[in-house]
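Student: Could you show me how to read burial and cores in a model like this? I'd like the cut-offs too.

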Amino acid sequence: MIIDKDSAVTIRLSVIDGTGRVLESGKTPVAYLHGYDNLLPKIEESLQGQEVGFKLNLNLTPEDAFGVRDESLLRTISKKDFPPGVKVGASMQGYNEAGEETVYTVLKIKGDQVMLDGNHPLAGTSLKVSVDVLEVRAATAEEVAHGHVHGAHGHHH
């Protein structure tokens, strides 16, 4: 069976950033529902039409991975408006200037100011991606309705 929309695909996925740091080792198989933006678009595009046994190596630019850094997504808030107990490096939800819900990472707490970053933690990072296709099957109606694969290596309810 070839990989197409509504395919349940099991892969081994290895991801290394531009500094050589392993972000995903590929030791544990991962299942995803093809055609539902469950992987980065360039990876899904490259897997489209392939089958079990296909191997893929991609070098992704920041634009093809998690985007370039956007300095306008940095913001500083007063510590009095900050939830107690949250530490540097933690993620928290908030709203950007446009009123859209955004996930922020706490960069620094200095005096009465808290510095937040609304960029994805991997924004601005190039990635080396390796994929081995292990299994391809038709997704169940329930998996399609939920937008993800269930069972082994997939989502568990």
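Tutor: Sure, start with burial: buried means under 20% relative accessible area, exposed over 50%, and partly exposed in between (1.4 Å probe, protein chains only). This is a predicted model, where local features need pLDDT of at least 70 and side-chain atom pairs count only at pLDDT 80 or more, while totals for chains, interfaces and linings use all residues. Residues are numbered from 1 along each chain as its sequence is written, and side-chain values use heavy atoms, with hydrogens and water left out.

Student: Is Leu74 buried, exposed or partly exposed?

Tutor: Leucine 74 has a relative accessible area of 32%, so it's partly exposed. Across the protein chain, 35% of the 157 residues count as buried.

Student: And which residues have the most contacts inside the largest nonpolar core?

Tutor: In general, nonpolar side chains tend to be buried together in soluble globular proteins. A nonpolar core is a set of buried Ala, Val, Leu, Ile, Met, Phe, Trp, Tyr and Cys residues joined through side-chain atoms within 4.5 Å. Here the largest one has 19 residues, and Ile11, Ile43, Leu47, Leu60, Val129 and Val131 have the most contacts inside it. Its largest share, five residues, comes from strand 9; strands (E, at least two residues) and helices (H or I, at least four) are DSSP runs, numbered from the N terminus.

Student: What does Val129 touch?

Tutor: Contact means heavy atoms within 4.5 Å. Leaving out residues up to four places away in sequence, Val129 touches Leu13, Ser14, Val15, Ile43, Leu56, Asn57, Leu58 and Leu60. Another core, of seven residues, lies apart from the largest one and includes Ile77, Phe82, Val106 and Leu116.
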